[in-house]
Amino acid sequence: MNFFYLKKIASTKKTELFLILNILVALYATQNLYLYIITIFILIILFFKKRLGLSIIILILFIKIFSGYTFLIIDVINTKTSGITYSTTKGPLNLKDYYDPGTLIIKYKKDAIKDIKIPFLSNILEFRKEYSARLFKESKSKLRLAQALIVGDRDFLTTDIKDKLIIAGVYHLLAISGLHVGIISTFCFLLLFFLPRKLKYLFIIIVLFFYMPLTGFKVPVIRASITGIFIMLLFIFDIKVNFKKFILLLAAIFIMINPKITTNISFILSFTATAGIIYLGFSNKNKTLNSFYISIAAQSVIMPISLYIFGMFNIASMLNTILLLPIINIYVMLGLLSLFFSKLLIIPLIYCEHITKTLINFLYISTYPLFTIYKIDLLLLIISTIFIIIIFYLPKARFSILLLYLLLLTNNYCEINEKNLLYLYDDNKNIYIYTYNDYKNYIYYKGNYNIYRYKLLPELAIKKIKSFEGGMVNVQNGENYYIKVKNISDNYICVNKNEKGNCKILYDRVKAMLEIKNSDCKYKIKKDRINAINYAY
């Protein structure tokens with residue numbers, strides 16, 4: 001009866017209010033444990049019947065106590081004299097003693113008081129690691145995407161393929177979440193055509209239950225699998241719900257169990273993409289058009305978030321997703337079969353990998369001009385979010401989502417007004433220098449991939465700089481795919497070149513120094529070690 005009552009909750013306007021209140025509680029009441037517990041109990045009493053409310057309270061208390069004093073060993077990352085670093089359900093942890101994957105650690109404060117090896121989980125986690133290594137070895141290093149697509153193991157991926165996926169706007173296809181759960185469910189449903197419908201749903205529940213440890217207990221996989229299991233239970237019990245409300249209810253329950261996910265980027269993106277598909281999805285008999293509409297719906301709602309958080313987005317990502325999705329579907333299905341028949345399917349998987357990489361490279365090259373690199377400000381993110389929510393509740397206004405694209409892509413609000421600047425960063429190991437002006441930008445970079453990807457690119461995104469007139473970019477352990485340099489110069493970059501060919505500011509790579517040929521230059525030293533040099537024309 002409790003499960004059936006969820007239908008009533010997910011069919012009233014209370015669902016939106018329940019979600020909003022849970023978000024507010026998660027953001028403002030979690031700093032005080034007692035206040036958080038009291039507010040959660042009040043919400044449950046207000047929105048649920050006594051029996052169901054009591055069941056939810058007991059469930060939350062059990063999860064809180066269990067997760068607070070236990071964690072599971074997933075894998076060994078590295079071993080050092082100071083200790084062993086493990087991948088766990090609480091993230092990377094450094095411990096003194098050795099534990100096998102699949103070991104449950106019961107802790108009190110900092111000390112482990114009990115460790116229990118769970119053979120069932122241990123076998124699956126060890127199989128996962130062995131499966132990834134076997135694919136890599138038996139394919140003679142040709143299979144790298146397969147491990148990420150099938151069991152969520154990205155250790156074999158190169159930065160080259162990651163960067164091209166990001167620029168093409170299809171990196172989300174690698175994340176094992178709702179898409180993979182949908183593919184697995186569809187594949188199982190087709191494979192078991194000879195079984196009664198409800199038995200198929202039951203089998204899918206069992207498969208999803210096993211899939212969580214097989215992918216290393218990744219949080220997005222757990223959320224997507226639990227959502228899939230809930231949906232299968234609805235089908236088994238013939239419960240028809242309003243899925244628009246149901247997805248909001250599930251999000252509220254996830255937040256209630258773990259309030260920290262309100263600021264988790266993975267949760268925000270997956271939830272908003274799912275909400276976009278459900279609220280903005282178009283119904284059409286043509287499957288190709290349906291795929292296109294679904295892609296538009298998902299990408300439209302995550303675009304403002306991507307531009308605010310990551311500072312980059314490909315407008316063609318919806319089209320790229322549709323083009324890449326069929327081969328990804330085939331790849332995942334073959335991969336699932338390879339869990340049992342790996343030797344027989346090595347060759348087909350290699351062909352799939354080759355086709356996928358070729359297509360990714362084509363999408364990267366052909367749609368790079370549509371790749372944007374700039375950040376929007378908080379105000380524009382709020383305006384975009386309000387705009388999307390209004391469209392959610394005005395189905396006839398779906399096509400006005402295109403106005404959102406125009407609003408975001410023609411926005412100049414967050415552009416830096418201060419121009420004619422030269423920025424310098426140098427930490428003895430990595431150095432970059434670039435100019436920002438109305439005419440021509442120049443760049444020099446030499447350093448590791450992390451500084452390039454997570455320090456230089458965010459700065460350029462704020463200033464909306466995607467291309468440079470000249471200079472050089474030398475990325476160690478990686479390639480430069482995000483920004484373009486028209487005229488490569490190995491020796492120096494010239495800033496503010498005049499008609500006579502003289503440079504007012506020159507960076508010489510050999511001398512490793514700045515030569516200022518203008519007495520009016522002013523230095524501004526900032527805390528983050530970036531020097532802004534103001535120079536006059």
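Trainee: Where do helix H7 and helix H15 lie in the sequence, and at roughly what angle do their axes cross?

Mentor: Good place to start! In this predicted model, H7 covers residues 159-168 and H15 covers residues 342-367. Their axes come within 9 Å and cross at roughly 50°.

Trainee: Why are H7 and H15 called oblique to each other?

Mentor: Set the angle of roughly 50° against the cut-offs: under 35 degrees counts as roughly parallel, and 65 to 115 as roughly perpendicular. The crossing fits neither class, so H7 and H15 are oblique. Their crossing is also left-handed.

Trainee: Which residues of H7 and H15 meet?

Mentor: From H7 they include Ile-161, Leu-165 and Ala-168, and from H15 they include Ile-360, Leu-363 and Tyr-364. The residues of this contact divide into seven nonpolar, two polar and two charged.

Trainee: What makes H10 and H11 oblique to each other?

Mentor: The axes of H10 (residues 219-236) and H11 (residues 243-257) come within 12 Å and cross at roughly 135°. Roughly perpendicular ends at 115, and roughly antiparallel needs an angle over 145. The value falls between those classes, so this pair is oblique. The crossing of H10 and H11 is right-handed.

Trainee: Which residues make that contact?

Mentor: Among them are Ile-226, Phe-230 and Leu-234 of H10, along with Phe-246, Leu-250 and Phe-254 of H11. The contact residues divide into eight nonpolar, one polar and one charged.

Trainee: What is the mean pLDDT of the protein?

Mentor: The mean is 80, and 80% of the residues reach 70 or more. Over residues 412-417, though, the pLDDT is below 50.

How values were computed:
Residues numbered from 1 in each chain as written. Predicted model: local features only at pLDDT ≥ 70, side-chain atom pairs only at ≥ 80, totals over all residues. Heavy atoms only, no water. pLDDT = per-residue confidence, 0-100. Contact = heavy atoms within 4.5 Å. Axes fitted to C-alpha atoms, helices over the stretch in contact; angles between N-to-C directions. Helix = DSSP H or I, 4+ residues; strand = E, 2+ residues; numbered from the N terminus. Left-handed = near helix turned anticlockwise from the far one by under 90°. Nonpolar A, V, L, I, M, F, W, Y, C, P; charged D, E, K, R; others polar.
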